[in-house]
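Here is a short report on one protein chain. Keep the sequence and the 3D view open while you read.

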Amino acid sequence: LSDCLACDNCMTSEEGARVFQQNQKELFRILNLNKKCDTSKHKVLAVSICPQSLPYFAAKFSISVNDAAKRLCGFLKSLGVHYVFDTTIAADFSILESQREFVQRYQRRNQEEHALPMFASACPG
């Protein structure tokens with residue numbers, strides 16, 4: 001989130017509230033609360049790891065990407081995170097859906113004036 005341009009083009013106001021909750025200060029606040037309170041009152045913490053971050057950690061610590069994933073997951077769980085998800089599969093689905101849409105638009109390019117160009121992007125952050 002530190003690289004987010006805060007352009008608001010990728011979210012609604014409801015999602016904006018969720019993004020506000022996703023910062024380092026809030027994470028550590030919840031982790032500390034979870035350590036102090038009854039387990040029935042714990043907030044469940046889930047972290048998603050994007051595939052682009054793992055090669056950075058692997059290079060930084062001279063380990064394999066798989067080892068970096070395991071160590072990062074272990075570290076987050078040792079802090080008190082309940083679930084750690086890899087977003088690679090979500091990125092793969094996004095690419096497949098973009099591909100499908102492009103093929104459909106390309107096939108309709110002669111019938112529909114605005115079938116092309118097709119703009120697709122990911123957050124620039």
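## Ser62 and its loop

This is a predicted model. Start just past helix 3: Ser62 follows this helix, and its phi is positive. The value is near 55 degrees, in a residue other than glycine. Ser62 sits in the loop between helix 3 and helix 4. Is Ser62 buried or exposed? Ser62 is exposed, because its relative accessible area of 69% lies over the 50% cut-off.

## Overall layout

The protein chain has five helices and two strands. Read from the N terminus, the order is α-α-β-α-α-β-α. The chain counts 125 residues, and 13% of them are buried.

Contacts also reach across the sequence. Take the contacts with a separation of 6 or more: 44% of them join residues 24 or more positions apart. The exposed surface of the chain comes to about 10,200 Å². Carbon and sulfur atoms supply 57% of that area.

## Helix 2

Helix 2 covers residues 24-36, which makes 13 residues. At 1.5 Å a residue, the expected span is 18 Å. The end C-alpha atoms lie 19 Å apart, so the model agrees with the expectation.

Which residues of helix 2 are buried? They are Ile30, Leu31 and Asn34. Seen down the helix axis, the buried residues fall within an arc of 100 degrees, so they line one face of helix 2. That buried set packs against helix 4, residues 65-79. Lysines mark the other side: Lys25, Lys35 and Lys36 are exposed there.

## Helix 3

Helix 3 runs over residues 53-60, with Ser53, Leu54 and Ala58 buried. These residues cover an arc of only 135 degrees around the axis, which puts them on the same side of helix 3. Tyr56, Ala59 and Lys60 are exposed on the other side.

What do the buried residues of helix 3 pack against? Their partners are strand 1 (46-49) and helix 4. Helix 4 also takes the packing from the buried residues of helix 2.

## The nonpolar core

In soluble globular proteins, nonpolar side chains tend to be buried together. The largest nonpolar core here has seven residues. Its members are Val47, Ile49, Leu54, Leu72, Leu76, Val81 and Val84. Strand 1 and helix 4 are the elements that give two or more residues to this core.

Ile49 is a useful residue to click on. Leaving out residues up to four places away in sequence, Ile49 touches Leu54, Leu72, Leu76, Val84, Phe85, Asp86 and Thr87. Leu54 appears again here: it is a core member and one of the buried residues of helix 3.

## Cysteines

How many disulfides does the structure hold? It holds zero. Cys50 is partly exposed, with a relative accessible area of 36%. Cys73 is partly exposed too, with a relative accessible area of 24%. Both values fall between the cut-offs of 20% for buried and 50% for exposed.

## A cis peptide bond

Look next at the segment after helix 5 (88-107), which is where Pro117 is placed. A cis peptide bond joins Leu116 and Pro117. Omega for this bond is about 5 degrees.

Notes: Residues are numbered from 1 along each chain as its sequence is written. This is a predicted model: local features need pLDDT of at least 70, side-chain atom pairs count only at pLDDT 80 or more; totals for chains, interfaces and linings use all residues. Side-chain values use heavy atoms; hydrogens and water are left out. Helices (H or I, at least four residues) and strands (E, at least two) are DSSP runs, numbered from the N terminus. The expected span of a helix is 1.5 Å times one less than its number of residues. Buried means under 20% relative accessible area, exposed over 50%, partly exposed in between (1.4 Å probe, protein chains only). The arc is that of the directions from the helix axis to the C-beta atoms. Contact means heavy atoms within 4.5 Å. A disulfide is a pair of cysteine sulfur atoms within 2.5 Å. A nonpolar core is a set of buried Ala, Val, Leu, Ile, Met, Phe, Trp, Tyr and Cys residues joined through side-chain atoms within 4.5 Å. Accessible areas come from the Shrake-Rupley method with a 1.4 Å probe; for residues, only the protein chains shown count as cover.
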